[in-house]
Amino acid sequence: MTKIKDLPLNERPREKGIIYGVETLSDGELIAIILSTGTKNKSSVELANEIIFHAGGLKRFSSLSFQELCQEEGINTSKAMKLIASFELAKRINQKEYNDLSKFSSLEYLSKYFINLIGEETVEKVYVVLFNHKDEVIGIRNIYKGKQNEVDISLEEILSLCINNKAKSFILIHNHPSGQETPSSDDKKQTSRLIILSNMYQLNLKDHIIVTSKHAFSIRRELVII
């Protein structure tokens with residue numbers, strides 16, 4: 001193991017960033033600066049590169065939970081929280097590009113928003129976008145966080161959320177951590193049942209959208225559901 005302090009100044013991540021600019025740093029070097037220290041047997045750069053590799057790349061790494069990070073060798077609670085905070089800040093900055101609620105009636109815009117928000121998540125998450133009678137967004141709610149490949153959705157609770165917020169229509173969005181954007185048989189059944197229940201309460205399910213890290217699938221647009 002080559003210790004950071006044994007490297008020439010212009011090869012140490014922090015000093016290298018100062019001299020040549022942070023854009024010259026590798027992913028591992030950037031993460032190493034956040035970590036500050038490595039372990040007895042690994043430098044901070046070696047530790048960072050190892051964790052990124054184990055996660056399957058930088059994007060997957062940035063989606064690791066606090067608990068998952070703490071399971072990595074050399075990552076204590078303090079380092080894990082620093083990483084989580086950095087990931088969250090980057091996510092919020094990226095979200096600013098798609099933060100115009102007036103454009104949420106556009107399927108393309110809304111899909112990009114949620115691809116960026118939950119497309120890389122390692123567990124399924126469910127969001128509901130609420131609209132008023134003028135088709136204006138009045139709320140975005142994260143209603144469930146499930147397991148890696150499944151989530152328990154209560155359709156009745158979704159309808160209650162709409163009614164309590166005086167919404168007239170809504171869009172349901174969830175991610176598929178598997179990367180498979182096409183709907184499962186359960187997705188189709190839930191969508192059909194939700195349409196029926198919504199009509200009973202004079203609510204309109206505008207769409208049910210599935211997102212992955214790169215794609216979005218509109219169940220109402222792509223499938224014939226009455």
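**Exercise 1.** What covers the buried residues of α8?

Before you start: this is a predicted model, in which local features need pLDDT of at least 70, side-chain atom pairs count only at pLDDT 80 or more, and totals for chains, interfaces and linings use all residues. Residues are numbered from 1 along each chain as its sequence is written, and side-chain values use heavy atoms, with hydrogens and water left out.

*Solution.*
1. Find helix α8 at residues 155-164; helices (H or I, at least four residues) and strands (E, at least two) are DSSP runs, numbered from the N terminus.
2. Mark its buried residues, Leu155, Ile158, Leu159, Leu161 and Cys162. Buried means under 20% relative accessible area, exposed over 50%, partly exposed in between (1.4 Å probe, protein chains only).
3. Look down the axis: these buried residues fall within an arc of 155°, so they line one face of α8. The arc is taken from the directions from the helix axis to the C-beta atoms.
4. Now list the cover, which includes β1 (125-131), β2 (137-145), β3 (169-175) and α9 (185-200). Contact here means heavy atoms within 4.5 Å.
5. Turn to the face pointing away from the buried side, and you meet exposed Glu157 and Asn164.

**Exercise 2.** Work out the strand order of the open sheet and its edges.

*Solution.*
1. Trace the five strands in the order β2-β1-β3-β4-β5, with mixed pairing. Two strands pair if DSSP finds at least two bridges between them.
2. Pick out the edge strands, β2 and β5 (216-218), each pairing on one side only.
3. Check β1 and β3: they run antiparallel, joined by six bridges.
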